[in-house]
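Here's a quick briefing to read alongside the model. Have the viewer open and follow along by topic.

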Amino acid sequence: VKIVEPHKHVRLTLNLVYRLATLFIIYLKKINQKTENLENSLRSSTKNKELLELMDTNKTLIYFSTALNGNKGVLTKLLRSQTYKKYESDFDLMEDTQVEMDQAIEMCSISRSVLNSMMDAFGSVINNNVNAIMKTLAVVTIVLSIPTLVASVYGMNFSYLPLSNDPNGFWIMLSVSFVVAILAAVLIILYTRRNKGD
């Protein structure tokens with residue numbers, strides 16, 4: 001508002017409520033932009049940091065929604081008053097204020113719905129990312145356990161083990177165990193990929 005006219009209390013009040021609704025929309029757009037940035041960083045995340053930020057944003061939207069509904073109630077009461085229906089020059093401003101307030105409330109409601117569904121979806125994404133890491137660690141553990149088993153058996157000094165009398169027997173068995181470990185890793189990877197395709 002370029003010219004503030006305090007003596008026109010109807011217009012001044014409507015301008016204040018209109019400006020409030022406009023500011024809510026501006027900040028809701030900023031919140032939506034922040035949510036999109038969090039969404040991009042959450043796609044590959046395994047941490048809860050981004051999810052906690054989404055929860056904070058959701059809390060902010062709850063406060064916004066409560067404030068907007070309160071403002072809407074105040075505006076409705078004001079517009080029912082005979083004082084506010086007296087001036088025809090303010091009718092356009094009244095309609096604009098109502099439209100802006102309704103738009104802010106609708107935008108806040110949509111943002112909350114989207115955010116709630118995103119939090120549910122990305123909670124599952126984080127669980128899936130952690131599961132994928134755990135599967136990889138399980139494969140590595142299985143693969144590394146084969147050479148460890150062979151080395152531990154040959155470290156027991158049994159005389160009747162294969163190649164136990166050969167000076168290079170330990171290295172031969174260790175090489176064989178590494179080959180078996182690599183084959184086991186390839187088989188596990190192929191098996192998991194085939195199951196993903198199903």
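**The fold at a glance**

Read from start to end, the chain runs α-α-α-α. That makes 4 helices and 0 strands. Keep in mind that this is a predicted model.

**Overall numbers**

- The chain has 198 residues, and 28% of them count as buried.
- Take the contacts between residues at least 6 apart in sequence, and 74% of them join residues at least 24 apart.
- About 13,500 Å² of the chain is exposed, with carbon and sulfur atoms supplying 61% of that area.

**The nonpolar core**

- The largest nonpolar core holds 28 residues, and Leu-14 and Leu-54 have the most contacts inside it.
- Three helices each put in at least two residues: helix 1 (9-42), helix 2 (49-80) and helix 3 (91-154).
- Helix 3 gives the largest share of this core, with 11 residues.
- If you click on Leu-54 and skip residues up to four places away in sequence, you'll find that Leu-54 touches Thr-35, Leu-38, Leu-42, Leu-115, Met-118 and Met-119.

**Thr-97, a buried threonine**

- Thr-97 sits in helix 3.
- Its relative accessibility is 0%, so Thr-97 counts as buried, the cut-off being under 20%.
- Outside its neighbours within four places in sequence, Thr-97 is in contact with Leu-14, Val-17, Tyr-18 and Leu-75.
- Leu-14 in that list is also one of the two residues with the most contacts inside the largest nonpolar core.

**The salt bridge**

- How many salt bridges does a search of the whole structure find? It finds 1.
- The partners are Lys-72 and Asp-102, whose side chains meet at 2.7 Å, N to O.
- This pair ties together distant parts of the chain, as Lys-72 belongs to helix 2 and Asp-102 to helix 3, 30 residues apart.
- As general background, side chains of opposite charge can pair when their charged atoms come close.
- Lys-72 has a relative accessible area of 22%, so Lys-72 is partly exposed.
- Asp-102 is partly exposed too, with a relative accessible area of 37%.

**A nonpolar patch on the surface**

- Which residues form a nonpolar patch on the surface? They are Val-130, Ile-133, Met-134 and Leu-137, and together they have about 340 Å² of accessible area.
- Val-130 has its place in helix 3.
- Val-130 counts as partly exposed because its relative accessibility is 33%, which falls between the 20% and 50% cut-offs.

Notes:
Residues numbered from 1 in each chain as written. Predicted model: local features only at pLDDT ≥ 70, side-chain atom pairs only at ≥ 80, totals over all residues. Heavy atoms only, no water. Core = buried A, V, L, I, M, F, W, Y, C linked by side-chain atoms within 4.5 Å. Buried < 20%, exposed > 50% of the residue type's maximum accessible area, 1.4 Å probe, protein only. Contact = heavy atoms within 4.5 Å. Areas by Shrake-Rupley, 256 points an atom, 1.4 Å probe, with all protein chains shown as cover. Patch = residues over 30% accessible without salt bridge, like charges linked within 9 Å, V, L, I, M, F, W, Y side chains within 5 Å. Salt bridge = Lys/Arg side-chain N within 4 Å of Asp/Glu carboxyl O.
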